[in-house]
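Please walk me through this structure in plain terms. I have not looked at it before.

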Amino acid sequence: MAGAVIVHHTTRYKTYPGEITGIVVFACLIASVAGCIFGYDIGLTSGLTSTEPFLVKFFPSIYEETKKQVVVNQYCKFDSQLLTLFCSSLFLSAMTAAFFAGPLTRAFGRKWTLFTAGSAYVCGAVLGGVSVNFPMLLTGRILVGAGVGLSIQASPLYISEMAPAQQRGMLNIMFQLMITVGILTANMTNYFASKIPGGWGWRIAVAFGAVPAGVIALGSLAIPDTPTSLIQRGDTATARKTLAQIRGVGDVREEFDDLSTASEEAKAVENPWRELFFGGKYKPQLTFSLLIPFFQQLTGINVIMFYAPVLFKTVGFKQNASLVSSIITGLVNVFSTFVAVLTADKVGRRALFLQGGTQMIISQILVGTFIGLQFGMSGTGAISEQYAMCIVLFVCVYVAGFAWSWGPMGWLIPSEIYPLAVRSAAMSVTVAVNMFFTAFIGQIFLTLLCHLRFGLFYFFGGWVLLMTLFIAMLLPETKNVPVEEMAHIWKKHWFWRKFVVDTSPDARSAEMRKRIALEMS
């Protein structure tokens, strides 16, 4: 197996003239802010679920439960399906929006899908900030979810199509970096909003999400659409001009011709959804479009980020201390993502997946063990300062491992492996699966914590072990491979080559010669 994988590191792929330009960096930066609004809402939600004035207004029964002056099961005191429904509603909305994002990006382009996403998020954030009842709050949350679903489908596609192959990993990881910046910004906003007298600071925190969303909406008006999208929609003159502009060279004929060829092949596919699921040509891509987002959620990262303040309060931290601990993990998340930014195009995607996965497994086992030794199966008792610090330390080690592996790679790999014919549809599948399992895991996390207790961390650790083995055996290396040539990595892989249907003229000729030879014999 190892020998089959090494082939992908030594194979030389086509390189096009040009270099990374200022307009590419600017355009990818604007698109990557989509990650910021996604991350902001993850961090915002984690703070709101432990903010007393917010709980008093919308979830009074949970507030009353947390204030009871009796010894309670620490694992179960936040278990509420209504609270988790609020957390999950955004992701169910985003999942639905992702299915509309595919046709939108195909028909109107990546740029205008980003504009629509930013506008929807702005409306939802403002509505949430002025909410006076739960239905109003939920409506704003659903609009925000629509913005998230549209943007995180279009953004990685946009970046992968704009970036030169040699810098695609670095530029695409800006999306994940922005997720971490969004989480950190939300954690800090939650902390300072909690200091505002009168208990209305949470409204500022909810409405503040309109700021990065406004950057997407306005910024999308100032950036070009991708040459791939322009060619796909028939605007070849603008596509050639844009390609020359973003590559910084006058002669882009070779890359333009390859993009045009890919577009012609894509136009032959009348129904991308049917082709993706039932055509038989894209089994490796379909496998990864389903399993990468599924596994990403089963790392347990979003439940850590959703409920970090709740988790830290559960193990004994006070209100402000739990928010401060969330800021610490947010800072670790941001700075650790820079490791992936600097190394993804050097050491490759597989190395980061494997190292980060190993680190996460060890950390989850240790966090579960520390919590189990302190609370046992009963969930009663108090936690010592030493134990609390150990838990925060290994949560940070876990977050660091995720931040340079399954965090950025979980978005990078899906955005770069799909052929143009099914790219929008497949990315919609990836986002929808991601959002569904984000919502599902978020919905059941507090119940799982209540019933599995410290074993929940062993549960996620077992999944990380499984997915690390999956990557080790089945993911070919994709660094420095042009998107238009990505099909070759599957044809050379020890496992996937058995499932890839080669429809190239050379392959058809070889098959015909083989058939004639068999008939003559």
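Q364 touches T299, Y398, F457, Y458, F460, G461 and V464, leaving aside residues up to four places away in sequence; a contact here means heavy atoms within 4.5 Å. Q364 is part of helix 19, residues 349-375. Helices are DSSP runs of H or I with at least four residues, strands are runs of E with at least two, and both are numbered from the N terminus. With a relative accessibility of 4%, Q364 counts as buried. Buried means under 20% relative accessible area, exposed means over 50%, and partly exposed is in between, using a 1.4 Å probe and protein chains only.

The model is predicted, so local features need pLDDT of at least 70 and side-chain atom pairs count only at pLDDT 80 or more, while totals for chains, interfaces and linings use all residues. Residues are numbered from 1 along each chain as its sequence is written, and side-chain values use heavy atoms, with hydrogens and water left out.

Confidence comes next. The pLDDT is the predictor's confidence in each residue, from 0 to 100. The chain has a mean pLDDT of 84, and 83% of its residues reach 70 or more. Confidence in the chain is lowest in helix 1 (residues 2-10), with a mean of 40, and highest in helix 10 (residues 210-219), at 97. The pLDDT is below 50 over residues 1-10, a stretch that has 12 contacts in the model beyond near neighbours in sequence. Where pLDDT is low, the predicted coordinates should not be read in detail.

Helix 10 is largely enclosed by the rest of the structure, because seven of its 10 residues are buried. These are A210, P212, A213, G214, I216, A217 and G219. Among the elements that cover them are helix 2 (22-48), helix 6 (110-129) and helix 9 (201-207).

Helix 15 (residues 283-297) can be followed through two packings. Its axis and that of helix 23 (residues 455-474) come within 10 Å and cross at roughly 150°. Axes are lines fitted to C-alpha atoms, for helices over the stretch in contact, and angles run from 0 to 180 degrees between N-to-C directions. Helix 15 and helix 23 are therefore roughly antiparallel, a term for angles over 145 degrees; under 35 counts as roughly parallel, 65 to 115 as roughly perpendicular and the rest as oblique. Helix 15 contributes T287, F288, L291, I292, F294, F295 and Q297 to this contact, and helix 23 contributes F460, W463, L466, M467, F470, I471 and L474. Of the residues in the contact, 12 are nonpolar, two are polar and none is charged. Here Ala, Val, Leu, Ile, Met, Phe, Trp, Tyr, Cys and Pro count as nonpolar, Asp, Glu, Lys and Arg as charged, and the others, Gly among them, as polar.

The other packing joins helix 15 to helix 21 (residues 406-417), at an angle of about 160° with the axes 10 Å apart. Helix 15 and helix 21 are therefore also roughly antiparallel to each other. On the helix 15 side are Q285, F288, I292, F295 and Q296, which meet W406, G407, G410, W411, P414 and I417 in helix 21. This contact of helix 15 with helix 21 divides into seven nonpolar residues, four polar and no charged.

Two single residues remain. I391 lies in helix 20 (residues 385-403) and counts as buried at 2% relative accessibility. N480 sits in the loop between helix 23 and helix 24 (487-492), and its phi is near 65°, a positive value in a residue other than glycine.
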